[in-house]
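Got a few minutes to go through a model together? Here it is, followed by some questions and answers.

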Amino acid sequence: MSSSTAFHDALETRDPAQREQALMAALAGQIAHAQSRAPAFAELLAGVDASTISSRAALARLPVTRKQQLLERQQAQRPGQPFGGFSVIGWGTARRVFQSPGTIYEPEGRAGDYWRVARALHAAGFAAGELVHNSFSYHLTPAGSMMETGAHALGCTVFPGGVGNTELQLQAIAELRPDAYVGTPSFLKILLDKAAEAGQALSLTKALVSGEAFPPSLRDWLIARGVQGYQCYATADLGLIAYETAAREGLVLDEGVIVEIVRPGSGDPVPDGEVGELVVTTLNADYPLIRFGTGDLSAVLPGRCPTGRTNTRIKGWMGRADQSAKVRGMFVHAAQVAEIAKRFPAVLRARLVVEGEMAQDRMSLKLEVAEPAEGLAEQVAGAVRDITKLRAEVLLLAPGTLPNDGRVIEDARKYD
């Protein structure tokens with residue numbers, strides 16, 4: 001890739017302070033837009049002065065929006081609100097409607113590269129004039145359209161392979177000889193394996209994969225077969241969130257989102273490097289999601305990307321944040337652990353561990369505390385009983401003792 005085409009646009013190499021200033025300036029306008037045009041946010045953010053939300057600290061004071069809220073409002077089927085009042089666009093203005101598990105419906109607007117995936121494709125080496133084999137689904141879910149519209153924005157031609165029909169897809173690859181692939185990494189492996197069995201050499205040299213884990217072992221397996229595979233992290237609600245670069249050091253955040261990493265079960269940002277839940281605010285005017293909780297865990301990587309991109313990097317997908325456990329017939333949720341910890345300012349981090357064997361559950365709440373006050377453990381134990389209606393042993397630990405894995409509930413019970 002030549003230096004003149006090393007970046008998708010100038011936004012990728014902005015001075016970080018300039019980027020932050022631009023994002024925060026756009027944030028206040030996006031919140032005002034959501035309040036005035038999206039009925040759901042008019043309710044959720046009632047009383048919020050949008051002009052004052054111009055910093056990350058101010059943003060962190062707003063409530064986190066959850067998928068469950070989207071689902072509940074969509075199921076209420078309020079007149080004139082096909083997307084539960086979270087979208088500014090509706091019938092006649094949205095280009096397409098997609099369905100995600102839940103069942104939740106999302107709009108696709110009419111803007112070119114609506115999902116902003118062209119940036120990830122460019123970083124993966126895709127270029128104008130190439131043929132892209134798209135094996136993401138074109139039905140119900142938006143993945144196929146996400147990739148296609150991004151490829152079109154780069155000047156690529158797309159073959160809509162979709163899912164399944166492996167033999168027909170291999171025939172198309174043999175006859176059309178595409179340069180690049182988009183789809184899940186597992187299906188790319190299936191295609192390469194079956195081609196090898198048939199003695200067929202595939203023309204593919206590059207790939208952008210998503211939708212499932214892409215471990216280094218599979219990445220190296222693809223490279224050994226002549227395919228440079230890169231991954232991106234995107235959702236049906238938000239579009240592109242982060243993408244891999246040639247440096248292969250984490251994922252660089254997209255330029256059209258504001259990303260926070262918060263303690264699971266809360267909306268409180270964690271220090272850089274600590275694992276937490278990804279909460280995303282999109283600057284998409286059609287579907288202005290504010291502090292949308294993805295339920296996915298990640299952490300900020302220190303330093304800048306060696307490719308010259310200056311945006312923040314994250315480690316990638318590190319598991320799910322929506323943790324819970326059923327103890328003696330009652331559910332305990334991450335939000336309850338967060339509420340317990342929030343009552344005591346001395347608590348830095350908390351982790352509820354459930355142990356024992358069948359019908360002999362026992363809980364222990366492990367707390368990192370810098371300077372434990374006398375009687376703190378007893379006070380916390382009382383809060384546990386108050387909030388969860390269950391008893392737990394409280395253990396006070398030194399800072400840095402608990403694993404940095406984003407888990408606030410650990411189910412360590414034995415069932416064998």
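Q: Is E410 buried or exposed, or in between?
A: First, a word on the source: this is a predicted model, where local features need pLDDT of at least 70, side-chain atom pairs count only at pLDDT 80 or more, and totals for chains, interfaces and linings use all residues. Residues are numbered from 1 along each chain as its sequence is written, and side-chain values use heavy atoms, with hydrogens and water left out. Buried means under 20% relative accessible area, exposed over 50%, and partly exposed in between (1.4 Å probe, protein chains only). E410 has 28% relative accessibility, so the label is partly exposed.

Q: Which residue does E410 meet in a salt bridge?
A: A salt bridge here is a side-chain nitrogen of Lys or Arg within 4 Å of a carboxyl oxygen of Asp or Glu. The E410 pair has an N to O distance of 3.0 Å. E410 sits in strand β20 (residues 409-411) and its partner in strand β17 (residues 347-355), so parts 59 residues apart in sequence get tied together; helices (H or I, at least four residues) and strands (E, at least two) are DSSP runs, numbered from the N terminus. The partner counts as buried because its relative accessibility is 6%, and that is R351.

Q: Which residue pairs up with D361 in a salt bridge?
A: D361 lies in the loop between β17 and β18 (362-369), and the other half of the pair is in the segment after β20, 52 residues apart. Both residues are buried. The bridge is 3.2 Å, N to O, and the partner is R413.

Q: Which residue forms a salt bridge with E255?
A: The closest N and O atoms are 2.8 Å apart. E255 lies in the loop between β9 (251-253) and β10 (257-262) and the partner in helix α1, so the bridge joins parts 236 residues apart in sequence. Both ends are buried, and the partner is R19.

Q: How many salt bridges does the count come to?
A: Some of them join up: D9, E12, R116, R119, D254 and R309 are linked in a network of salt bridges. By the 4 Å rule, the count comes to 30.

Q: How far apart in space are T13 and T310, C-alpha to C-alpha?
A: T13 is in the segment before α1 (16-37), and with 37% relative accessibility it counts as partly exposed. Leaving aside neighbours within four places in sequence, T13 is in contact (heavy atoms within 4.5 Å) with F7, R19, G308 and T310. T13 and T310 are 297 residues apart in sequence, yet their C-alpha distance is 5.3 Å.

Q: Which residue of strand β2 (residues 104-108) is in contact with Q74 and also partly exposed?
A: Q74 belongs to helix α4 (residues 67-76) and counts as buried because its relative accessibility is 9%. Beyond four places in sequence, its contacts are P82, F83, G84, T103, I104 and Y105. The one with a relative accessible area of 35%, and so partly exposed, is Y105.

Q: How do helices α7 and α8 lie to each other?
A: Helix α7 (residues 166-176) and helix α8 (residues 185-197) pack at about 75 degrees with axes 10 Å apart; axes are lines fitted to C-alpha atoms, for helices over the stretch in contact, and angles run from 0 to 180 degrees between N-to-C directions. Angles under 35 degrees count as roughly parallel, over 145 as roughly antiparallel, 65 to 115 as roughly perpendicular and the rest as oblique. So α7 and α8 are roughly perpendicular.
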